[in-house]
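The following exercises concern one protein model. Each task is followed by a solution in steps.

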Amino acid sequence: METWEGKSFSITDPKGVSTVIYQIIRTPKELLKEYPKYALERLDSTDEIRGDMIRKTFYVDFPSVDQDELVILSFGKDRVVVNTAILEGNKVSISKKPMPLKFDSIYSDNETEIKDFKYTPNLKRPICVIDPETTEEVKPVLYFDEKTNEVKGKCKLKPNKSYFAFEIRDKKED
């Protein structure tokens with residue numbers, strides 16, 4: 001029998017809401033020349049139906065020794081609520097003020113591509129593009145950039161469809 005040594009926690013989604021959670025991974029200083037400063041890793045989850053609600057249990061496979069930063073995205077019919085949390089020990093502390101964002105459909109008659117990003121062998125990257133209807137990530141298409149001599153990726157977006165994209169960055173000082 002397999003054993004699992006990570007951490008887990010649960011949340012309950014009301015009807016019409018679907019939550020996904022990402023762990024923010026800081027790249028060690030010695031690898032910053034090869035990898036982005038931050039990477040996002042989507043947490044695996046299992047669902048349990050409880051009446052009109054769904055209880056989701058999320059799994060952090062490789063928790064850090066001290067604390068892990070999380071981004072919580074709750075997708076509703078026409079909006080997404082963005083929240084942050086800290087997983088410390090066996091406790092999850094969620095920020096008190098979520099950041100609600102509305103998004104509209106981006107109309108295009110043609111397929112669109114979003115942002116070049118440097119390919120990493122584990123496909124961890126600082127930007128995620130999500131289909132809000134399914135809450136699934138749009139998987140990148142890899143290509144070789146002859147100018148920089150690197151393997152890079154792009155996300156192809158379908159026409160007449162809305163997407164949610166987010167990226168982790170440092171605050172810029174003015």
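**Exercise 1.** Determine which ring lies beneath the charged end of Lys-161.

*Solution.* The model is a predicted one. The charged end of Lys-161 is placed over the ring of Tyr-163, at 5.9 Å from the ring centre. A charge must be within 6 Å of the ring centre to count, and 5.9 Å satisfies that limit.

**Exercise 2.** Classify the aromatic pair formed by Phe-75 and Phe-164, and state which parts of the chain it ties together.

*Solution.*
1. The structure contains two aromatic pairs; in the one formed by Phe-75 and Phe-164, the centres are 5.7 Å apart and the planes make an angle of 85°.
2. Planes over 60 degrees apart count as edge-to-face, so this pair is edge-to-face.
3. Phe-75 belongs to strand 6 (residues 67-75) and Phe-164 to strand 15; the pair therefore ties together parts 89 residues apart in sequence.
4. Both Phe-75 and Phe-164 are buried.

**Exercise 3.** Establish the strand order of the open sheet that contains strand 15, and identify its edges.

*Solution.*
1. Three strands make up this open sheet, in the order 12-11-15, with antiparallel pairing.
2. Strand 12 (136-137) and strand 15 (164-167) each have a single partner strand, so they stand at the edges and one side of each lacks a neighbour in the sheet.
3. Strand 11 (residues 127-131) pairs with strand 15 over four bridges; Ile-127 has Glu-167 as its bridge partner in strand 15.

**Exercise 4.** Decide whether Val-151 is buried, partly exposed or exposed.

*Solution.* Val-151, a residue of strand 14 (residues 150-157), has 35% relative accessibility and therefore counts as partly exposed. With Leu-142 and Phe-144, Val-151 forms a nonpolar surface patch of about 260 Å² accessible area together.

Conventions. Residues numbered from 1 in each chain as written. Predicted model: local features only at pLDDT ≥ 70, side-chain atom pairs only at ≥ 80, totals over all residues. Heavy atoms only, no water. Patch = residues over 30% accessible without salt bridge, like charges linked within 9 Å, V, L, I, M, F, W, Y side chains within 5 Å. Areas by Shrake-Rupley, 256 points an atom, 1.4 Å probe, with all protein chains shown as cover. Salt bridge = Lys/Arg side-chain N within 4 Å of Asp/Glu carboxyl O. Helix = DSSP H or I, 4+ residues; strand = E, 2+ residues; numbered from the N terminus. Buried < 20%, exposed > 50% of the residue type's maximum accessible area, 1.4 Å probe, protein only. Pairing = 2+ DSSP bridges. Phe/Tyr/Trp six-rings, centres within 6.5 Å; stacked < 30°, edge-to-face > 60°. Lys NZ or Arg CZ within 6 Å of the ring centre and 35° of its normal.
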